[in-house]
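Colleague: I would like a close look at one part of this protein, the nonpolar core and the helix packing beside it. Please walk me through it residue by residue.

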Amino acid sequence: MAEKNYKSYRQQLNILRSRGMIIGKGSQGSRAMRILERENYYSIINGYKELFLAEKAAPGSEEKYKSGTTFEEVYALYNFDRNIRNIYLKYLLKLENTFKTVIAHEFSALYGYDNYLKIENFNNSTEKSISSSIKLIGDIQQEIARQMTKHHQVVTHYMTEHGYIPLWVLVNVLTFGKIEYFFKNMKPSDRTAAAKQFGLLPDELSKFMHMLALARNKCAHDERFYDMRFKERIHTKSIKNFSALGIKRAADGSYTYGTNDTYAIAIMFALLLNKTDLREFVSAMKPAFKKLQKQVHTVPASEILFIMGYGSNWDNLLNLK
C-alpha cells in the first residue's frame, strides 16, 4: 500500500484538477483553498466524492471525476449533509428527552423513585435476561460514580443530601443508548405500558429507539448522514396510512426505500413527534432540498434525495399523523 505523504493545500487542489475536477484559478482557487484550510480535505473530498466519480477504466487506475464536476458541487453536498444533520438532531434530541421522561415516569410509578438498582424490578424470567439486567444495573452504578467524579452538580447534590438520585433526574445523564437498554430490560408488562404511550408495540418501540439512537450519534459526531443505512428495517405493516407515502414496491413486495434509510427516521418522526414539531421538520427540510437543487448539477439532486429515501411525495409524512 502506497504511503500517504503530506500535501500542501495547493498540491491538494492540483491533484483534484488532474483528476478532472473543475477548480478555477484566481479567486475561485483561493476560495477552495480557504475552504480546505477550514474544513479538511479528508472530510469534504474523501467523505463526499463518491457520487461525482466516473467509473474506473481498469482495476487500480486513478479515480476520475465525472465531466463537469466542480469543487463547489462537492462542497455543496458536504454543507447539505451538515445542514440536515442539524435539522434531524433537533428532533432526535426532543424524542430522546420524551423517551427518558416516559420511561422514568412509568418505571417510578410502579417501583418508586430509587428502585432502579433492584434486579427484581427488571425482567429476570430467564438466565439471559437476568444477566442483562445485572449488566444494566452495573452500568447505571458506574455512570453515577463517573458523574460524582466529575462533580456533576445535580447528581452530587442528590447523592450527598439524600443518598439517592430519583430516576427522573438520573435519566438526564444517561445516554440515548443506555435508555434504550433500560427499556429492553424492563418487565414485559412494563415495556408494553411504556410503548402504549407512543402507540407502538414494545418490540417496535425498541427497534425505533435503537435506530434513532444510532442516527443521533451520527449527527452528534458530525459523521456523514444523508446516505446512512440501518441493519434493521421498520415494520411497515404496523404503520397506519403507510401507503399514503406513495413508496414503490420491489418485485418481492418489499418497499424500495423508507425502511432503513434517512427517510425512515423521518417516518419515525411522523409517528412520534407532535404535529407542530412534525410540520416544523418538514418546513425545515424543504428549503434544504431546494438549495441543493440549485447547487448541484453533475449529479441530479433527485438522485441524492432518492439515496436518502426521499421520493417526490415525501412530505406526505404529514398524513401519517
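Modeller: A word first: this is a predicted model. Start with Trp-314. At 8% relative accessibility, Trp-314 is buried, because the cut-off for buried is under 20%.

Trp-314 has an aromatic partner, Phe-289. Phe-289 is also buried, at 4% relative accessibility. The ring centres of Phe-289 and Trp-314 are 5.4 Å apart and the planes are at 85 degrees, so this pair is edge-to-face. Phe-289 sits in helix α12, while Trp-314 sits in the segment after α13, so the pair ties together parts 25 residues apart in sequence.

Phe-289 has another partner, Tyr-310. In all, 23 aromatic pairs are counted. The pair of Phe-289 and Tyr-310 is edge-to-face too, with 5.0 Å from centre to centre and 70 degrees between the planes. Helix α12 (residues 275–295) holds Phe-289, and the segment after α13 (301–308) holds Tyr-310, so this pair links parts that are 21 residues apart in sequence. Tyr-310 is buried, at 2% relative accessibility.

Now the core itself. The largest nonpolar core has 105 residues. Tyr-88, Phe-281 and Tyr-310 touch the most other members. Helix α4 (residues 71–111) gives this core its largest share, 20 residues.

Take Phe-281 next. Neighbours within four places in sequence are left aside here. Phe-281 is in contact with Ile-87, Tyr-88 and Tyr-91. Phe-281 also contacts Ala-266, Phe-269, Tyr-310 and Leu-317. Both Tyr-88 and Tyr-310 are on that contact list.

On to helix α11. Which residues does Thr-262 touch, not counting residues up to four places away in sequence? They are Tyr-88, Phe-225, Tyr-226, Met-228, Met-308 and Tyr-310. Thr-262 lies in helix α11. Thr-262 is buried, at 0% relative accessibility.

One of those contacts, Tyr-226, belongs to an aromatic cluster. Its members are Tyr-48, Phe-71, Tyr-75, Tyr-78 and Tyr-226.

Ile-265 is in helix α11 as well. Its relative accessible area is 0%, so Ile-265 counts as buried. Again leaving out residues up to four places away in sequence, Ile-265 touches Tyr-88, Leu-92, Leu-212 and Ala-215. Phe-225, Met-228 and Phe-230 complete the contacts of Ile-265. For a long-range separation, consider Lys-150. Ile-265 and Lys-150 are 115 residues apart along the chain, and their C-alpha atoms are separated by 34 Å.

Leu-212 and Ala-215 bring in helix α10, where both are found. Two packed helices are described by the angle between their axes and the distance between the axes. The axes of α10 (residues 202–220) and α11 (residues 262–272) come within 11 Å. They cross at roughly 120 degrees. The two helices are therefore oblique to each other. The crossing of α10 past α11 is left-handed.

The residues that meet come from both helices. From α10 they are Phe-208, Met-211, Leu-212 and Ala-215. From α11 they are Ile-265, Met-268, Phe-269, Leu-271 and Leu-272. Phe-269 also contacts Phe-281. Ile-265 touches Tyr-88, and so does Thr-262. Tyr-88 is also in contact with Phe-281.

Methods. Residues are numbered from 1 along each chain as its sequence is written. This is a predicted model: local features need pLDDT of at least 70, side-chain atom pairs count only at pLDDT 80 or more; totals for chains, interfaces and linings use all residues. Side-chain values use heavy atoms; hydrogens and water are left out. A nonpolar core is a set of buried Ala, Val, Leu, Ile, Met, Phe, Trp, Tyr and Cys residues joined through side-chain atoms within 4.5 Å. Buried means under 20% relative accessible area, exposed over 50%, partly exposed in between (1.4 Å probe, protein chains only). Helices (H or I, at least four residues) and strands (E, at least two) are DSSP runs, numbered from the N terminus. Contact means heavy atoms within 4.5 Å. Rings of Phe, Tyr and Trp (its six-membered ring) pair if their centres lie within 6.5 Å; planes under 30 degrees apart count as stacked, over 60 as edge-to-face and the rest as tilted. Axes are lines fitted to C-alpha atoms, for helices over the stretch in contact, and angles run from 0 to 180 degrees between N-to-C directions. Angles under 35 degrees count as roughly parallel, over 145 as roughly antiparallel, 65 to 115 as roughly perpendicular and the rest as oblique. A crossing is left-handed if the near helix is turned anticlockwise from the far one by less than a right angle, and right-handed if clockwise.
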